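Here is a short report on a protein structure. Look at the sequence and the model first, then read on.

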Amino acid sequence: MTITPQEIVERCLELSRADGTLVLVEESSSANLRWANNGLTTNGLMRERSVTVVATVGAGTGVAAGVVGRSAVGPDDLEPLVRAAERAARDNGPAEDAQPLVPGAAAADFADPPTETSPSVFGAAAPALGDAFGRAEADGRLLYGYVEHEVRTTYLGSSTGLRLRHEQPAGSFGMTGKSGGASAWVGRAARDLADVDVTALDAELTQRLRWGSRTVEVPAGRYDTVLPPTCVADLMIFAYWSMGARDAHDGRSPYSRPGQGTRVGETLSTRPVTLWSDPGAPGIECAPFVLARSSDDVQSVFDNGLPAGRTEWLRDGRLDALIQTRHTAGLTDLAATPVVGNVGLTVDGAQGTTQDLVAGVERGLLLTSLWYIRPVDPMTMLLTGLTRDGVYLVEHGEVVGAVTNFRFNESPLSLLDRFTAAGATAPAYSREWGEYFPRAAMPPLRVPDFNMSTVSQAS
Amino acid sequence: MPQDIDEAFLALPLRPLADAALQRARDLGAEHAAFRLERIRSQHLTLRDARLEGSSDGEVVGLSVRVLHQGTWGFAAGVELTAEAAARVAEEAVALAGIARPLARTRVELADEPVHADVTWVSEYAVNPFEVPDADKVALLADYSARVLGQDAVEHVSARLSQVLECTFYADTAGTVTTQQRVRLEPELEAVAVDAEAGTFETMRTLAAPVARGWEYVTGEDGTVGWAASLDELGPLLAERLAAPSFEAGRYDLVIDPTNLWLTIHESVGHATELDRALGYEANYAGTSFATLDRLGTLEYGSGVMHVTGDRTTPHGLASVGYDHEGVAAQSWDIVRDGVLVGYQLDRAMAHANADALGVTRSNGCAFADSPGHVPVQRMANVSLQPAPDGPDTAGLIERVEDGLYIVGDKSWSIDMQRYNFQFTGQRAYRIRHGRLEGQVKDFAYQATTTDFWGSMEAVGGPATYVLGGTFFCGKAEPGQAAPVSHGAPSALFRGISVLNTAEEGGR
């Protein structure tokens with residue numbers, strides 16, 4: 001590209017005739033490898049650029065916003081883009097979420113160029129994968145999986161002086177193994193793929209497949225169940241996403257007291273649980289300010305650049321905050337706590353690993369991952385979904401074999417009140433949501449009566 | 001009269017870039033290469049209580065090169081529209097094939113396809129939604145919203161409109177050159193009722209499906225959706241739902257409306273008959289399939305009245321197109337006939353590698369990428385359950401039920417990784433007693449195993465009951481891709497299906 005992201009920001013701001021202007025430029029690059037049946041199947045290398053212009057017109061309560069985004073923008077495309085945003089603002093009429101644009105100055109790193117990734121990030125993973133294919137082939141296992149690394153660098157500029165830059169690296173590795181009738185999965189997210197130990201993950205996968213070599217029949221029912229951090233992430237990310245203050249205020253969310261506002265201040269769990277987001281949390285760092293390319297029920301384009309810090313959504317079991325824009329904060333008379341790109345759950349005093357929780361189970365189940373999770377009853381946040389790639393029977397604290405998969409019907413909010421044991425919080429890659437939301441930290445949880453509604457024959 | 005392909009798209013340097021990329025791929029020794037340049041315009045509008053909540057107008061333009069080099073795929077994509085950049089993307093694709101080769105297990109070869117030299121295709125629509133002023137769109141949605149908001153029982157209303165204009169130029173080293181344009185949109189309104197006293201809320205959504213049509217679908221001018229009636233029923237339906245009894249769990253006969261059944265077809269037949277899933281390519285992500293290739297021709301998928309087709313030719317179908325992203329012409333074929341599995345959805349590599357087992361010599365044209373930066377993978381055709389030529393109307397099916405449910409509109413959905421166990425709810429369900437509809441019930445979900453469910457299908461309705469449903473967001477592949485797809489279905493009668501009480505499931 002002959003024009004830099006910073007130049008795009010400045011030129012769009014200069015071209016604008018709107019009362020207020022925001023420009024977001026995102027440069028991204030990604031590389032991926034995919035495999036099945038012990039061999040690579042597809043691969044890809046992708047570079048993208050997107051430019052989003054937000055124009056605001058009018059003053060006071062009559063401010064309107066227009067949002068137009070384009071990829072592959074060259075110097076000649078900027079003026080049409082800015083004019084289109086201005087036109088959209090005039091067409092749209094006053095915006096309900098209108099707020100003064102966030103004031104600010106240029107951040108020190110704004111001048112830095114975008115960072116790129118390349119296939120060289122597979123330097124360690126690819127040979128390790130080749131070795132894993134070799135071992136699998138020799139031992140009669142089949143491996144399937146995907147590894148990806150991407151870097152997104154976003155530049156935000158505003159007519160109020162903001163110049164912010166955020167660089168978001170994201171890597172993920174997931175691998176499914178099959179052997180005989182057994183199926184198992186391992187997955188990790190990391191900012192740097194060098195932190196993913198493919199050989200160790202393959203060993204974990206192989207151990208799980210070994211557990212699966214003995215199968216035990218158990219019926220559907222409620223079981224004492226250990227959920228590893230990835231499964232807790234599958235459920236708690238949904239609980240976090242559902243925390244929009246507007247829906248709660250309108251009486252249409254599990255965080256509503258229908259007809260009477262939100263449940264903020266209510267105790268949702270009698271346990272010492274804290275559900276938090278923190279842009280600075282080690283290993284799951286994310287943007288410390290709002291980057292919104294459209295307004296919706298949980299974000300507002302007017303809030304672009306608004307600082308987003310550590311927020312405790314649940315504190316000691318009590319609902320303390322909801323996802324807010326400045327507009328909904330006014331509606332609900334609560335603090336403006338914007339959405340943050342990570343989420344964590346901490347249980348006060350909890351220590352140990354998934355294995356430590358398993359050791360305490362007399363007879364119960366150990367899960368690997370959850371899948372196809374969808375809301376069934378939005379009032380109680382009842383979710384349905386399935387176990388996937390390995391459910392293990394635990395007897396006297398030890399895994400004794402694999403059982404069938406199940407369909408579950410459970411509410412994350414109810415689980416937060418019912419669990420009997422928890423471990424230490426650790427980075428967790430959600431099988432269900434990780435591709436959209438890779439940054440989570442969760443403890444393993446033991447739930448005494450997890451509802452396995454029916455048997456799934458899937459293996 | 002077909003519409004013309006957008007002039008601004010045709011003004012892009014399509015052929016020079018393709019020539020540069022394909023020539024570089026040839027020079028570097030690729031045995032096959034395909035160039036794709038795509039521009040996807042999209043606009044999303046959301047209104048909350050008849051006021052604009054958010055609007056976004058996006059356009060993605062990019063090019064990609066996919067090469068087959070010494071039997072290994074390589075794929076690269078970029079956004080710079082110059083001949084130098086296109087050639088560089090071709091080099092990157094060849095280089096990536098080189099990295100992948102030591103880890104590839106099989107040599108890829110493609111099923112033959114006739115050369116389609118310089119062909120164009122445009123989907124059927126009257127008014128391009130991107131030529132309608134935004135103010136008119138917002139005004140119509142606000143008008144629809146206000147109409148709903150004014151009804152008793154309705155506390156809030158959300159309106160959403162998604163619109164897409166997709167232009168694709170494809171050229172490969174065999175000489176196929178296609179230029180295509182598709183338009184699609186999805187209008188949706190959802191009303192919310194809140195019962196402050198009981199501390200509960202309920203929602204009810206319009207049933208108009210996403211379709212490959214123009215703005216005339218949203219205004220109702222094409223006669224497809226009766227918007228006035230669709231909007232006016234939401235309030236009364238919600239009031240009835242708030243007062244409806246909870247449904248007792250058990251086994252019941254179900255009459256399922258096409259507005260609900262399309263999604264069950266999508267999940268339990270559409271995905272299960274994707275050959276890449278059956279071969280394990282999706283094992284780490286979307287999952288596999290119980291309908292494995294060794295069962296082709298013998299698997300009893302359902303009862304004898306089950307006839308399921310796959311096609312890319314249905315007018316207004318979201319998966320309808322002239323040619324796929326491997327240059328294969330659109331076709332239609334049987335997937336389940338007389339209840340037996342007889343076909344799969346294919347791409348060229350799978351069609352070649354499994355030609356004997358499949359009994360085919362050609363792909364049926366199911367290779368697509370969802371955006372210029374993504375690699376084509378096998379994607380779902382319009383997979384549809386065919387009506388019985390002399391079948392009854394929906395009332396005729398309901399008459400045959402002593403005690404059961406009539407389920408309308410899709411809502412919650414979930415199915416396992418091998419497409420056996422599923423659970424669906426609906427927008428609403430009515431109790432059937434002695435062949436007649438009684439009022440709505442709540443807290444219902446039906447749960448079954450795919451082949452048991454389709455095996456219990458006693459009858460399908462006639463052509464008059466047939467409706468095209470669909471989605472913009474069929475998810476698959478890594479990196480994740482979302483594809484639009486339609487599913488036609490008649491009303492159908494199922495015997496003895498397990499229905500859960502969701503309040504009990506949640507421990508209430």
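D333(A) sits in the loop between α7 (326–332) and β11 of chain A. Its backbone stands out. D333(A) has a positive phi of about 60°, yet it is not a glycine. Keep in mind that this is a predicted model.

**The sheet in chain A**

The strand β11 that follows this loop belongs to an open sheet of six strands in chain A. Read across the sheet, the order is β10-β9-β8-β11-β18-β17, and the pairing is mixed. Which strands form the edges? They are β10 (318–319) and β17 (426–427) of chain A, and each of these pairs on one side only.

What holds such strands together? Strands of a sheet pair through backbone hydrogen bonds, and they do so in a parallel or an antiparallel way.

Take one pair inside this sheet. Strand β8 (residues 273–277) and strand β9 (residues 311–315) of chain A are antiparallel, with three bridges between them. One of the partnerships links S277(A) to T311(A) in β9(A).

A helix covers part of the sheet. Helix α5 (residues 229–241) of chain A lies across β8, β9, β11 (343–347), β17 and β18 (440–442) of that chain. Against β18(A), helix α5 runs at about 120°.

**Two helix pairs in chain A**

Two pairs of helices in chain A can be set side by side.

| Helix pair | Angle | Axis distance |
|---|---|---|
| α3 (125–139) and α4 (198–211), chain A | about 30° | 9 Å |
| α1 (5–15) and α2 (78–92), chain A | roughly 55° | within 9 Å |

Start with α3(A) and α4(A). They pack at an angle of about 30°, so these two helices are roughly parallel to each other. Their crossing is right-handed. From α3(A), the contact uses A125(A), A128(A), L129(A) and A132(A). From α4(A), it uses V198(A), T199(A) and D202(A). By class, the residues of this contact are five nonpolar, one polar and one charged.

Now turn to α1(A) and α2(A). Their axes cross at roughly 55°. The two helices are therefore oblique to each other. The crossing of α1(A) and α2(A) is right-handed. Here I8(A), R11(A), C12(A) and L15(A) of α1(A) meet L78(A), E79(A) and V82(A) of α2(A). This contact of α1(A) with α2(A) has five nonpolar and two charged residues, and no polar ones.

**Where the chains meet**

How many residues does each chain give to the contact between chains A and B? Chain A gives 80 residues, and chain B gives 73. On the chain B side, strand β2 (residues 51–69) supplies the largest share, 12 residues. That side of chain B has 32 nonpolar, 27 polar and 14 charged residues.

Strand pairing also links the two chains. Strand β2 (residues 39–57) of chain A pairs with strand β3 (residues 72–78) of chain B. The two run parallel, over two bridges. In one of these partnerships, L45(A) is matched with A76(B) in β3(B).

**Strands and turns in chain B**

Follow three strands of chain B. Strand β9 (residues 308–311) and strand β10 (residues 332–337) run antiparallel and are joined by four bridges. T309(B) has D334(B) as its bridge partner in β10(B).

Strand β10(B) has a further partner. Two bridges join it to strand β11 (residues 340–341) of chain B, again antiparallel. R337(B) is paired with V340(B) in β11(B). Together β10(B) and β11(B) form a hairpin, with two residues between them. In its turn, D338(B) has a positive phi of about 55°.

Another loop holds a cis peptide bond. P479(B) lies between β20 (467–476) and β21 (481–489) of chain B. The bond from E478(B) to P479(B) is the cis one, with omega near 0°.

**What the record says**

UniProt carries an unreviewed entry for each chain, with the feature "domain: Metalloprotease TldD/E C-terminal". In chain A, the record places it at residues 221–453. That stretch of chain A is 16% helix and 35% strand, and its end C-alpha atoms are 6 Å apart. In chain B, the record lists residues 250–499 for the feature. That stretch of chain B is 15% helix and 38% strand, with end C-alpha atoms 5 Å apart.

Definitions and conventions
Residues are numbered from 1 along each chain as its sequence is written. Chains are lettered from A and ligands numbered from 1 in the order in which they are written. This is a predicted model: local features need pLDDT of at least 70, side-chain atom pairs count only at pLDDT 80 or more; totals for chains, interfaces and linings use all residues. Axes are lines fitted to C-alpha atoms, for helices over the stretch in contact, and angles run from 0 to 180 degrees between N-to-C directions. Angles under 35 degrees count as roughly parallel, over 145 as roughly antiparallel, 65 to 115 as roughly perpendicular and the rest as oblique. A crossing is left-handed if the near helix is turned anticlockwise from the far one by less than a right angle, and right-handed if clockwise. Two residues are in contact if their C-beta atoms, placed from the backbone, lie within 7 Å. Ala, Val, Leu, Ile, Met, Phe, Trp, Tyr, Cys and Pro count as nonpolar, Asp, Glu, Lys and Arg as charged, and the others, Gly among them, as polar. UniProt positions are given in the numbering used here, feature names are shortened, and annotations may be inferred rather than shown by experiment. Two strands pair if DSSP finds at least two bridges between them.
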